[in-house]
Amino acid sequence: MKIHKYDTVIVGAGGAGMRAAIEATKRSRTAVLTKLYPTRSHTGAAQGGMAAALANVEEDNWEWHTFDTIKGGDYLVDQDAAEILAKEAIDAVLDLEKMGLPFNRTPDGTIDQRRFGGHSRNHGEAPVRRSCYAADRTGHMILQTLYQNCVKEGVEFFNEFYVLDQLIVEEDGVKKSAGVVAYELATGEIHVFQAKAVVYASGGTGKFFKVTSNAHTLTGDGQAACYRRGLPLEDMEFFQFHPTGIWRMGILLTEGARGEGGILRNKDGERFMEKYAPVMKDLASRDVVSRSIYTEIREGRGCGPEGDHVYLDLTHLPPEQLDAKLPDITEFARTYLGIEPYTDPIPIQPTAHYAMGGIPTNVEGEVLSDNTTVVPGLYAAGEVACVSVHGANRLGTNSLLDINVFGRRAGIAAAEYSAQADYVELPENPAELVVSLVEQLRDSTGTERVADIRKELQETMDANVMVFRTEQTIKTAVEKIAELRARYQNVSVQDKGKRFNTDLLEAIELGNLLDLAEVMAVSALARKESRGGHYREDYPNRDDVNFMRHTMAYREVADDGKDSIRLDYKPVVQTRYQPMERKY
Amino acid sequence: MATPTMDKVEAEAAASDHLITVTFRIRRFNPEVSADAVWEDFQLEIDPKERVLDGLHKIKWDLDGTLTFRRSCAHGICGSDAMRINGKNRLACKTLIKDINPAKPITVEPIKGLTVLKDLVVDMDPFFQAYRDVMPFLVTSGNEPTRERLQSAEDRERFDDTTKCILCAACTSSCPVFWNDGQYFGPAAIVNAHRFIFDSRDEAGEQRLEILNDKDGVWRCRTTFNCTDACPRGIEVTKAIQEVKRALITRRF
């Protein structure tokens with residue numbers, strides 16, 4: 001076991017982590033721990049753009065953006081945070097441009113903008129061009145630009161280090177962060193990083209679903225590390241299903257395709273979104289579009305022999321426009337489906353895409369141990385966190401924005417904190433939990449296999465807690481997850497070595513997914529209403545009287561060692577916008 | 001809305017439960033077990049429309065958990081899974097089984113020119129070091145503007161091709177010069193230098209050109225076009241290298 005000491009440690013090197021690292025490295029001795037090489041992070045898969053009311057191509061302002069974000073989140077958004085997001089968006093985009101990001105340009109040479117779902121002029125009058133973009137590879141450009149600037153700033157990376165435990169020490173009744181424990185993939189060695197400040201920026205949890213746009217590595221490691229140490233997780237029942245994943249594969253096809261004029265059609269060729277969202281049509285918010293697609297499929301208007309998908313039709317758009325604005329997604333259609341989007345519509349279905357919930361933070365990125373108490377020295381930003389700017393449903397282009405605005409804020413806040421704070425003394429045996437986790441899995445002679453349990457988990461999640469949920473389906477998921485968690489105790493790995501043991505790491509990742517899936521299902525069961533991405537067929541309406549509040553899920557451990565989930569609730573911050581019925 | 005091709009896709013998909021048997025012939029190496037690398041064959045049932053990466057996962061998940069490779073996004077964006085498949089550098093997640101003659105054994109080896117650490121995992125540090133050495137970031141002087149820097153669509157287009165790079169190392173590890181001499185910067189580093197040299201906003205083009213004028217720089221390129229063939233993003237890598245060479249001669253970019 002090695003012990004390292006840094007002022008600031010950042011966990012994860014996607015957009016939020018690297019944006020934080022650029023700020024933290026300027027202000028404090030900083031290490032970035034990442035389970036991948038930085039440029040492998042899933043920020044790179046984001047396509048369509050980053051929202052900011054630059055008003056480069058038409059009238060716009062950040063207040064409209066704030067309103068759209070709150071409405072898009074079905075009023076579960078904390079409005080103070082949404083205001084910061086929209087206001088700071090403008091500088092966030094300009095900062096990236098100054099760092100070198102190659103945005104598409106207008107004829108005047110300014111940053112070009114296009115339409116995106118849920119973003120509107122004057123509180124819902126009509127779609128507005130707010131998304132700043134670089135073809136359909138905006139996330140790739142952001143990830144590359146941030147990595148380039150990390151190289152420029154001399155950011156210190158520990159690549160292929162898996163953070164598996166968050167060290168929490170209680171001093172005078174206050175929970176404080178003492179550092180993290182990481183597993184080095186190349187050697188199997190365990191490292192303790194003592195740090196005055198820790199920033200989680202480790203991304204989402206999408207891999208507990210089967211059809212998902214998420215990378216194999218999105219297994220909620222940061223959420224799980226904090227949750228296991230008694231910190232709450234907020235709004236985990238809210239998961240976004242992106243309307244346009246490649247049929248059966250789940251690979252993302254950007255909403256920018258509809259922003260450029262693409263149309264969703266059922267088997268009769270009908271533009272069905274006109275029925276469900278007369279104003280915004282195909283550019284309604286993602287939860288609305290995904291439900292509409294499944295309604296078409298359920299009512300027998302789906303395409304194909306099994307009627308299990310619909311079409312994304314780009315055939316009426318000029319090939320030059322597709323080549324210039326949507327080169328990657330058209331290539332995906334050619335590579336993975338063998339079809340030509342110039343002439344043929346693309347079969348799509350909703351795909352599990354984004355966790356709205358996560359580790360609760362305030363607007364400075366400080367992690368909360370309950371509704372109001374800050375954990376000194378602990379920060380989170382990006383998909384791993386819940387500020388909450390996305391509420392019950394995130395708007396497209398607001399996640400690339402979130403990672404830049406709140407990644408920057410968390411990086412600055414963490415470094416400023418570590419500049420004036422002392423180290424918290426490490427617990428007596430800081431690597432104990434990780435050592436026993438690793439040894440137990442490596443030495444286990446159990447008969448259960450990781451791949452089997454993961455497959456069953458993904459199948460039950462897709463079947464029971466996806467776009468449509470009922471008490472019965474959620475209960476089925478809760479029971480199945482409990483069974484899988486029990487079987488997981490008997491799991492073993494074949495690779496017993498120390499060197500690049502990805503077999504072992506997949507087993508640990510599965511443990512994280514199981515814990516988080518349970519939190520999601522239990523949180524969903526208790527929310528007896530429909531709001532944003534959480535749709536209960538048995539409670540089809542939003543219930544502001546009983547459920548205008550954030551879910552806070554805590555892990556409780558009984559004296560006999562058995563764990564359970566305790567749910568609590570936190571008020572939503574409302575400033576200027578009163579909840580209204582959401583129509584697109 | 002046209003549908004004829006769709007009927008074909010759906011007809012194929014309907015028949016998609018038809019699986020074929022393929023042999024994966026994989027170069028295995030684990031210094032914890034043996035100092036020598038060996039070939040190992042695995043037979044599996046797979047839908048030919050699946051990816052080579054899906055085949056590797058089937059092996060790892062169902063047959064042999066010790067098989068080790070890097071991967072993440074699984075659709076050609078993250079650059080983790082460049083490997084040598086049937087003798088050619090490709091991304092395992094962008095290569096469909098049906099496109100590489102599944103009737104014969106499919107050979108899978110680590111990319112060449114970088115030290116193999118275990119199975120298909122190579123040491124990427126020298127690759128990223130060469131990247132860092134070409135100053136891969138925008139350099140400007142003077143006061144920053146309050147708004148964005150202006151750039152015409154034409155100036156933006158000038159370096160578009162090289163912005164697509166995902167640093168997968170497929171190009172660099174396909175280059176015979178790089179195989180023989182690991183000191184050569186290699187195509188990927190030059191591509192990333194090109195991305196800034198030809199960006200109208202940047203002011204460090206001369207410095208980057210001097211770095212690449214070194215004995216291990218662009219002049220080592222023998223224009224074999226392996227890099228262009230290997231690039232999973234379709235970047236015209238050799239052309240970019242030639243443009244850097246020309247800029248070195250004319251000092252115009």
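**Notebook: loops, helix pairs, domains and the A–B contact**

I began with A:His123, which I found in the loop between strand 4 (113–121) and strand 5 (126–132) of chain A. Its phi is near 60 degrees, and I noted this as a positive value in a residue other than glycine. I should record at the outset that this is a predicted model, and I read every entry below with that in mind.

**Entry: a cis peptide bond**

I next looked up the peptide bond from A:Val387 to A:Ser388, which is cis in the model, with omega near 10 degrees. When I traced where this falls, I found A:Ser388 in the loop between strand 18 (385–386) and helix 11 of chain A.

**Entry: helix 1 and helix 11 of chain A**

From that loop I went on to helix 11 (residues 398–420) of chain A, which packs with helix 1 (residues 15–27) of chain A at an angle of about 30 degrees, the axes lying 7 Å apart. An angle under 35 degrees counts as roughly parallel, so I entered helix 1 of chain A as roughly parallel to helix 11 of chain A. The crossing of helix 1 of chain A with helix 11 of chain A is right-handed. Sorting the residues of this contact by class, I wrote down 13 nonpolar, five polar and five charged.

**Entry: the annotated span in chain A**

I then turned to the record, where UniProt, in an unreviewed entry, lists residues 7–400 of chain A as "domain: FAD-dependent oxidoreductase 2 FAD-binding". For residues 7–400 of chain A I noted 28% helix and 27% strand, with the end C-alpha atoms 27 Å apart.

**Entry: helix 13 and helix 14 of chain A**

How do the axes of helix 13 and helix 14 of chain A cross? Helix 13 (residues 450–464) and helix 14 (residues 471–488) of chain A cross at roughly 170 degrees, and their axes come within 9 Å. Since angles over 145 degrees count as roughly antiparallel, I put helix 13 of chain A down as roughly antiparallel to helix 14 of chain A. On the helix 13 side of chain A the contact includes A:Ile453, A:Leu457 and A:Met461, and on the helix 14 side of chain A it includes A:Ile474, A:Ala477, A:Ile481 and A:Leu484. Charged residues also take part, among them A:Glu456 from helix 13 and A:Lys480 and A:Arg487 from helix 14 of chain A. By class, I entered eight nonpolar, four polar and three charged residues for this contact of helix 13 with helix 14 of chain A.

**Entry: the two assigned domains of chain A**

In the domain assignment, chain A has domain 1 (251–350) and domain 2 (432–567), with 32 Å between the centres of domain 1 and domain 2 of chain A, taken over C-alpha atoms. I found five residues of domain 1 of chain A in contact with five residues of domain 2 of chain A. On the domain 1 side of chain A, helix 8 (residues 286–298) of chain A provides the largest share, four residues. That side of domain 1 of chain A has two nonpolar, one polar and two charged residues.

**Entry: the two assigned domains of chain B**

For chain B the division is into domain 1 (19–122) and domain 2 (125–139 + 153–250), and their centres, taken over C-alpha atoms, are 28 Å apart. I noted 13 residues from domain 1 of chain B and 14 residues from domain 2 of chain B in the contact. Strand 4 (residues 88–91) of chain B gives three residues to the domain 1 side, its largest share, and that side of domain 1 of chain B divides into six nonpolar, four polar and three charged residues.

**Entry: helix 7 and helix 8 of chain B**

I also looked up helix 7 (residues 187–197) and helix 8 (residues 205–212) of chain B, which pack at about 160 degrees with axes 9 Å apart, and I therefore recorded helix 7 of chain B as roughly antiparallel to helix 8 of chain B. Their crossing is left-handed. Here B:Ile190, B:Ala193, B:Phe196 and B:Ile197 of helix 7 meet B:Gly205, B:Arg208, B:Leu209 and B:Leu212 of helix 8 of chain B, a set of six nonpolar, one polar and one charged.

**Entry: where chain A meets chain B**

Last, I looked up the contact between the chains, where 56 residues of chain A are in contact with 45 residues of chain B. Which helix of chain A gives the most to this side? It is helix 4 of chain A, with six residues, while the helices that each supply at least two residues include helix 3 (79–99), helix 10 (327–337) and helix 15 (502–526) of chain A. By class, I entered the side of chain A that touches chain B as 22 nonpolar, 21 polar and 13 charged residues.

Key:
Residues numbered from 1 in each chain as written. Chains lettered and ligands numbered in written order. Predicted model: local features only at pLDDT ≥ 70, side-chain atom pairs only at ≥ 80, totals over all residues. UniProt positions renumbered as here; feature names shortened; annotations may be inferred. Axes fitted to C-alpha atoms, helices over the stretch in contact; angles between N-to-C directions. Parallel < 35°, antiparallel > 145°, perpendicular 65-115°, else oblique. Left-handed = near helix turned anticlockwise from the far one by under 90°. Domains from an automatic or database assignment. Contact = placed C-beta atoms within 7 Å.
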